Amino acid sequence: MFLAGKTAVITGSNSGIGLGVARQLAKAGADIVINSFTDRPEDHALASELGREFGVSARYIAADMAQGAACRGLIAEVGVCDILVNNAGIQHVAPIEAFAPEKWDAVLAINLSSAFHTTAVALPMMRQAGWGRVINIASAHGLTASPFKSAYVAAKHGIVGLTKTAALETAGQQITVNAICPGYVLTPLVEAQIPDQMQTHGMDRDTVVREVMLARQPSREFATTDQIGGTAVFLCSDHAAQITGTTISVDGGWTAL
Ligand code: NAD
C-alpha cells in the first residue's frame, strides 16, 4: 500500500488498459479517479466497486478527452493529481489517401493532445506537492510503424516526444514522466480491430490473431492489462525515481525485431 495518500487520475479508464492500471494503482493504495466521455450509472458504479474492493477513495468523472477544455477541467475538478496516467485512446485504420480528416483529428486529439492538456494542469499540482508521476500509455507504435495506422502512429510517436520534453522540464523536481509502450493487449480496442483485419486479410479470427496481429509480437502472446498496471505501479515506486523521459516496452519482444 505504498501509494496510500496519493491521488491518481487515469484517463479513459472505464475499460481495457486504463481500468487495469486503475486497479493496480488502487491495489497499491492510491485513491483513484477514473474517466471516460460517458456519464452512465454503471460508470459511477464501477468506481464504487473499485473503492470497495481495494479500500480506497474512488470516483468517476465524465470528461471528453477529445476536448482540450474538458481535459483541463478534469484535472482542475479533482484539484490534486499526484499520479497522472494519460491512457485514453482510439484507433482508426485506413490508407492515408482514404483516411477521413475528421478521424485523423479525433485520433490526434484523444491520443496526443489530451495528454498535453492534462499534463499542463497537473504539473503545477505535482510541484506544489513536491512529488509526481506522469505515465503516458504510448504503444509499440510510438517506436515503430505499421501501414494504415498513420494517425495512431503519428500520435503515439508524438506522445513519446511529449514525454521526453515534460521529463526535461521537471527533472530534479521529484517528478518523473515516462511512457509505457505496450504491444498487443487484448482489450475492446484490439477486439474492435479484429473484424477489419479479418476483412482486409480474408482470414478467420484465429488465423488473423496468430498470423497478422501477433505476427510482430515474438512471444505470440497478448500482454495483459494487469501487466501494464504493474509496470505503472513500478514507475510510481522509489526504485523508479531516476527513470524519467524514457519508454518501457511491454511488447513480448516486438520492438527487439
Ligand atoms: P479500450 O477501448 O479498451 O479503452 C480505451 C479507453 O479510452 C476507454 O475507457 C474509452 O472509454 C476511453 N475513451 C475513448 N475515447 C475517449 C474520449 N473521447 N474521452 C475519454 N475517454 C475516452 O482500449 P485500450 O486497448 O485499453 O487502450 C488504452 C490505451 O492503450 C490507448 O491509448 C491505446 O492506444 C493504448 N494501447 C493499447 C494497446 C492494445 O493492444 N490494447 C496496445 C498499445 C497501446
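Trainee: Why is R220 called partly exposed?
Mentor: The relative accessible area of R220 is 42%. Buried needs a value under 20%, and exposed needs one over 50%. The 42% of R220 falls in between, so partly exposed is the term. Bear in mind that this is a predicted model.

Trainee: Where does R220 lie?
Mentor: R220 is in the loop between α7 and α8.

Trainee: What makes the phi of R220 a point to mention?
Mentor: Phi of R220 is near 55°. That is a positive value, and R220 is not a glycine. F148 is another such residue, with a positive phi of about 75°. F148 sits in the loop between β5 (132–137) and α5.

Trainee: Is F148 buried, partly exposed or exposed, and how do you know?
Mentor: F148 has a relative accessible area of 42%. Set that between the 20% and 50% limits, and F148 is therefore partly exposed.

Trainee: Back to the α7–α8 loop. Why is Q217 called buried?
Mentor: Its relative accessible area is 1%. The cut-off for buried is under 20%, so Q217 qualifies. Q217 is in the loop between α7 (205–213) and α8 (225–236).

Trainee: Which residues is Q217 in contact with?
Mentor: Leave out neighbours within four places in sequence. Q217 then contacts G183, Y184, F222, A223, D251, G252 and W254. Each of these has heavy atoms within 4.5 Å of Q217.

Trainee: What makes the pair of Q217 and Y184 a polar contact?
Mentor: A polar side-chain atom of Q217 lies 2.7 Å from the backbone nitrogen of Y184. The limit for a polar contact is 3.5 Å, and 2.7 Å is within it.

Trainee: What else touches Y184?
Mentor: Q193 does. Q193 belongs to helix α6 (residues 188–201). Beyond neighbours within four places in sequence, Q193 contacts Q91, K149, Y184 and M213.

Trainee: How do you know that Q193 is buried?
Mentor: Its relative accessible area is 6%. That is under 20%, so Q193 counts as buried.

Trainee: Why does Q24 count as buried at 16%?
Mentor: The limit is under 20%, and 16% meets it, so Q24 is buried by this rule. Q24 is in helix α1 (residues 16–27). Not counting residues up to four places away in sequence, Q24 touches D226, G229, G230 and V233.

Trainee: How many residues lie between Q24 and F54 in the numbering, and what is their separation?
Mentor: They are 30 residues apart along the chain. Their C-alpha atoms are separated by 9.5 Å.

Trainee: What makes A155 buried?
Mentor: Its relative accessibility is 0%. Buried means under 20%, so A155 fits. A155 lies in helix α5 (residues 150–170).

Trainee: Which residues does A155 contact?
Mentor: Past neighbours within four places in sequence, A155 is in contact with V107, L108, N111 and L112. V107 is 48 residues from A155 in sequence. Their C-alpha atoms are 7.2 Å apart in space.

Trainee: Why is R40 called partly exposed?
Mentor: R40 has 35% relative accessibility. That value is between 20% and 50%, so R40 is partly exposed. R40 is in the loop between β2 (31–36) and α2 (41–54).

Trainee: How do you know that R40 and D43 make a polar contact?
Mentor: Their side chains are joined at 2.8 Å. The cut-off is 3.5 Å, and 2.8 Å is within that.

Trainee: And G73: what makes G73 partly exposed?
Mentor: The relative accessible area of G73 is 31%. Again the value falls between 20% and 50%, so G73 is partly exposed. G73 is in helix α3 (residues 68–78).

Trainee: Now the whole protein. What does the secondary structure come to?
Mentor: Eight helices and seven strands.

Trainee: Why is the protein called as compact as a globular protein of that length?
Mentor: Its radius of gyration is 18 Å. The globule rule gives 18 Å for 257 residues. The two values are close, so the protein is as compact as a globular protein of that length.

Trainee: How many of the 257 residues are buried?
Mentor: Buried residues make up 50% of them.

Trainee: What share of contacts joins residues at least 24 apart?
Mentor: The share is 73%, among contacts between residues at least 6 apart in sequence.

Key
Residues are numbered from 1 along each chain as its sequence is written. This is a predicted model: local features need pLDDT of at least 70, side-chain atom pairs count only at pLDDT 80 or more; totals for chains, interfaces and linings use all residues. Side-chain values use heavy atoms; hydrogens and water are left out. Helices (H or I, at least four residues) and strands (E, at least two) are DSSP runs, numbered from the N terminus. The radius of gyration is taken over C-alpha atoms; the globule rule is 2.2 Å times the number of residues to the power 0.38. Buried means under 20% relative accessible area, exposed over 50%, partly exposed in between (1.4 Å probe, protein chains only). A polar contact is a pair of N or O atoms within 3.5 Å; within protein, one must be able to donate a hydrogen and the other to accept it, and residues adjacent in sequence count only if both atoms are side-chain atoms.
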